[in-house]
Amino acid sequence: MPSESTFRHFETTLKEIALFLEEGKRFIIMTHKDSDPDGIGSMLALGRALENGGKEALLVSDEPLHAPVSLLKGAEKIVQDVESGLYFDGVIVMDSGEIKRVGGPLSYLEGPLPVINIDHHESNGLFGDFNLVDSSRSSTSELVFEVIGAAGLRIDADTAENIFAGIQADTGSFRYNNTTASSMRIAADMIDLGANPWQISRTMMQERSLSQLKLLEIALGSLEFYHNGEIGVVTISLDMFNSTQAGMVESNRFIDYPRFVQGVELAVLIRQTGENDYKFSLRSNDRVNVAELSGRFGGGGHIRAAGFECHGPLVCLKDKFLKEAGRYLDGKCD
Ligand SMILES: [Mn+2]
């Protein structure tokens with residue numbers, strides 16, 4: 001539970017952001033790399049609400065969007081480049097714990113423009129001029145709902161759909177332990193405002209591509225268990241991505257396969273991103289603080305969902321990681 005002073009701080013920041021949005025006219029909005037439905041859904045929701053309120057919002061992602069995020073309402077408006085010479089009143093960064101995770105033109109974050117940082121990662125570095133950061137929220141989409149309300153903007157059906165999609169994705173369809181009464185209430189409000197849960201589920205969770213299924217088939221062959229079955233690991237190499245023509249985002253949920261095996265506390269998805277580059281994604285079920293464990297390797301995230309990127313030969317990286325993870329599982333991590 002956030003303390004009373006944190007809550008007061010949250011309310012003050014929320015009001016400041018609302019005022020800033022009311023006074024400004026044009027905003028540039030971005031999210032993290034390897035975009036997900038919460039990041040993109042947040043951008044689309046706030047962007048549309050601002051436009052409906054007579055403002056302009058430029059939505060930028062430096063990578064082309066893949067399904068399912070490319071199927072969100074309004075995703076076609078997201079551009080990859082920004083024309084030079086455009087003027088903005090502020091930069092809004094969604095769902096990104098740190099500046100180096102941002103998948104957009106960083107020059108706008110390094111310049112004089114005010115930065116609004118809206119996020120729910122525990123490890124958020126508070127890099128903005130306004131930091132609406134609350135790790136007790138299931139998703140950034142929940143925070144966007146608050147911002148839209150505080151700024152007196154309207155939520156139409158498309159906006160509602162994107163907020164719903166973000167909450168649904170980050171709570172694993174209201175199953176993960178970040179699901180709260182508030183996330184369900186906001187989701188229910190979004191249904192009242194025109195979001196269709198069945199359509200969103202079909203689009204976001206159930207539209208499997210053939211390439212994704214082929215990748216899953218090979219990836220499951222890599223399943224390994226360590227530490228008396230408490231650690232479950234799936235490893236996907238570049239060759240596997242190439243041979244199946246599947247993209248990184250298509251494997252985002254593969255971590256749930258080891259995670260929900262009986263006896264597993266820590267699930268790990270290792271993905272190769274370059275010759276000697278790897279991305280480790282971590283999920284825990286009850287005990288291990290994976291934000292802290294990831295922090296030991298220069299990454300971060302939430303208590304139950306986090307990750308880091310590293311460079312080196314896989315055997316060494318894995319060895320080092322498994323040793324450290326074992327200490328966490330044995331409660332010897334101080
Ligand atoms: Mn999120």
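**Exercise 1. Decide whether Asp330 is buried or exposed, and place this residue in the chain.**

Solution. In this predicted model, Asp330 has 10 other C-beta atoms within 10 Å. A residue counts as exposed if 12 or fewer such atoms lie within that distance, and Asp330 is therefore exposed. Along the chain, Asp330 sits in the segment after helix H12 (314–329). Its C-alpha atom is separated by 44 Å from that of Pro114, a residue 216 positions away along the chain.

**Exercise 2. Work out which strands stand at the edges of the six-stranded sheet, and where helix H12 lies on it.**

Solution. Begin with the strand order, which in this open sheet of mixed pairing is E6-E7-E8-E9-E11-E10. Strand E6 (224–226) and strand E10 (300–301) each have a single partner strand, so they stand at the edges, and one side of each is left without a neighbour in the sheet. Next, follow E6 to its partner: E6 and strand E7 (residues 231–236) pair in the antiparallel sense over three bridges, and Glu224 has Val233 in E7 as its bridge partner. Finally, add the helix: H12 lies across E6, E7, strand E8 (266–274), strand E9 (277–284) and strand E11 (305–311), and it runs at about 20 degrees to E9.

**Exercise 3. Describe the five-stranded sheet and the helices that lie on it.**

Solution. The order of this open sheet is E2-E1-E3-E4-E5, with parallel pairing. Because E2 and strand E5 (130–133) each have a single partner strand, they form the edges, with one side of each left without a neighbour in the sheet. Neighbouring strands are turned by 20 degrees against each other on average, direction ignored. Within the sheet, four bridges join strand E1 (residues 26–31) to E2 in parallel, and Ile29 has Leu59 in E2 as its bridge partner. Helix H2 packs on this sheet, touching E1, E2 and E3, and its direction makes about 170 degrees with that of E1. Helix H4 (residues 140–150) lies across E3, strand E4 (115–119) and E5, running at about 125 degrees to E4.

**Exercise 4. Determine how far helix H2 is enclosed, and what H2 gives to the largest nonpolar core.**

Solution. Check the length first: at 1.5 Å a residue, the 16 residues of H2 should span 22 Å, and the 21 Å between its end C-alpha atoms agrees with this. Then consider burial: 14 of the 16 residues are buried, so H2 is largely enclosed by the rest of the structure. The largest nonpolar core has 53 residues, of which Ile29, Leu46 and Val147 touch the most other members. Helix H2 (residues 37–52) gives the most to this core, with seven residues. Leaving aside residues up to four places away in sequence, Leu46 touches Ile29, Ile92, Val144, Val147 and Ile148. Apart from this core lies another, of 32 residues, including Phe254 and Leu293.

**Exercise 5. Compare the surroundings of Asp95 and Asn228, two residues with a positive phi.**

Solution. Most residues other than glycine have a negative phi. Asp95 nevertheless has a phi of about 65 degrees, and the phi of Asn228 is near 55 degrees. Asp95 lies in the loop between E3 and helix H3 (107–110), whereas Asn228 is in the loop between E6 and E7. With 31 other C-beta atoms within 10 Å, Asp95 is buried; Asn228, with 9, is exposed.

Key: Residues are numbered from 1 along each chain as its sequence is written. This is a predicted model: local features need pLDDT of at least 70, side-chain atom pairs count only at pLDDT 80 or more; totals for chains, interfaces and linings use all residues. A nonpolar core is a set of buried Ala, Val, Leu, Ile, Met, Phe, Trp, Tyr and Cys residues joined through C-beta atoms within 7 Å. A residue is buried if 20 or more other C-beta atoms lie within 10 Å of its own, exposed if 12 or fewer, and partly exposed in between; C-beta atoms are placed from the backbone. Helices (H or I, at least four residues) and strands (E, at least two) are DSSP runs, numbered from the N terminus. Two residues are in contact if their C-beta atoms, placed from the backbone, lie within 7 Å. Two strands pair if DSSP finds at least two bridges between them. Axes are lines fitted to C-alpha atoms, for helices over the stretch in contact, and angles run from 0 to 180 degrees between N-to-C directions. The expected span of a helix is 1.5 Å times one less than its number of residues.
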